[in-house]
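Here are my notes on the model, point by point. Have the coordinates open while you read.

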Amino acid sequence: SVYGKDLTKEHLQAFGETGLQALAASVNQQKSRPKRPSTTLKVSVPHHKTSFDLKWKLGDSLRDVAEANDELMAEYLEGTCGGNLSCCTCHVYIEQPEFQALLEEPEEAELDMLDLAYEPKDSSRLGCAVRLTKEMIDCPTQLEILIPRG
């Protein structure tokens, strides 16, 4: 199964010998890459009375996590602008003091967009502006975001 679709013998034959060699080389290259460190992110959705854990990889933004977990997150975190700080559809609350202390100050563009967000608070951030750092991975407390209504 590749990307959720079953491969048949005909699919593989369509690649031809050169295509299969390229595919095998690509797979080997992927296997030899070092895995990026990660941590578990707790996503809480109070207005739906639910929460779930997601894997968050070093260097990825919260928007990237949502995109990689579209089946769980599509309803909560859109990221319409593609992560360019030009919308507020990836608005989240980060309320843990330990987590807040590890964040960089928001840029002016982020603050401008947060002014347009539904029910912004002091703990509001745009998911596209928050990237996982080594310091966050080393945090002894599980990192958590809250999804606001709206």
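1. A129 sits in the loop between β4 and α6 (134-137); helices (H or I, at least four residues) and strands (E, at least two) are DSSP runs, numbered from the N terminus. At 29% relative accessibility, A129 is partly exposed, on a scale where buried is under 20% relative accessible area, exposed is over 50% and partly exposed lies in between (1.4 Å probe, protein chains only). Measuring C-alpha to C-alpha, A129 is 16 Å from L41 in space, with their positions 88 residues apart in sequence.

2. Some housekeeping: this is a predicted model, where local features need pLDDT of at least 70 and side-chain atom pairs count only at pLDDT 80 or more, while totals for chains, interfaces and linings use all residues. Residues are numbered from 1 along each chain as its sequence is written, and side-chain values use heavy atoms, with hydrogens and water left out.

3. Now helix α1. How far apart are the end C-alpha atoms of helix α1 (residues 9-32)? They are only 27 Å apart, although the helix has 24 residues and a straight one would reach 34 Å at 1.5 Å a residue; the expected span is 1.5 Å times one less than the number of residues. Do look at G16, where α1 bends by about 105 degrees, the bend being the angle between axes fitted to the seven residues ending there and the seven starting there.

4. Q13 is also in helix α1, and at 53% relative accessibility Q13 counts as exposed. Q13 and D112 are 99 residues apart in sequence and 53 Å apart in space, C-alpha to C-alpha.

5. On to the strands. Strand β1 (residues 38-45) runs antiparallel to strand β2 (residues 50-57), with 8 bridges joining them; two strands pair if DSSP finds at least two bridges between them. In this pairing K42 of the one strand stands opposite D53 in β2. β1 also runs parallel to strand β5 (residues 143-146), joined by 4 bridges, and here S44 stands opposite L146 in β5.

6. The β1 and β2 pair is a hairpin with 4 residues between the strands. K49, in the loop between β1 and β2, has a positive phi of about 50 degrees although it is not a glycine. K49 is exposed, with a relative accessible area of 80%. E119 is another one to check: it is a residue other than glycine with a positive phi, near 50 degrees. E119 lies in the loop between α5 and β4 and is partly exposed at 44% relative accessibility. As background, most residues other than glycine have a negative phi.

7. Salt bridges next, meaning a side-chain nitrogen of Lys or Arg within 4 Å of a carboxyl oxygen of Asp or Glu. By this rule the count comes to 7. R63 and E67 form one of them, at 3.1 Å, N to O. These two residues are 4 apart in helix α2 (residues 62-68), so about one helical turn separates them. R63 is buried, with a relative accessible area of 13%, whereas E67 is exposed at 52% relative accessibility. A network of salt bridges links R63, D64, E67 and R131.

8. Which residue forms a salt bridge with R125? The partner is E110, with the closest N and O atoms 2.7 Å apart. R125 lies in strand β4 (residues 124-126) and E110 in helix α5 (residues 108-114), so the pair ties together parts that are 15 residues apart in sequence. Both ends are worth a look for accessibility: R125 is buried, with a relative accessible area of 9%, and E110 is buried at 2% relative accessibility.

9. D138 and K134 make a further salt bridge through their side chains (3.0 Å, N to O). K134 is partly exposed, with a relative accessible area of 47%.

10. Last, the rings. K121 lies over the face of Y93, at 4.2 Å from the ring centre; a charge sits over a ring if NZ of Lys or CZ of Arg is within 6 Å of the ring centre and within 35 degrees of the ring normal.
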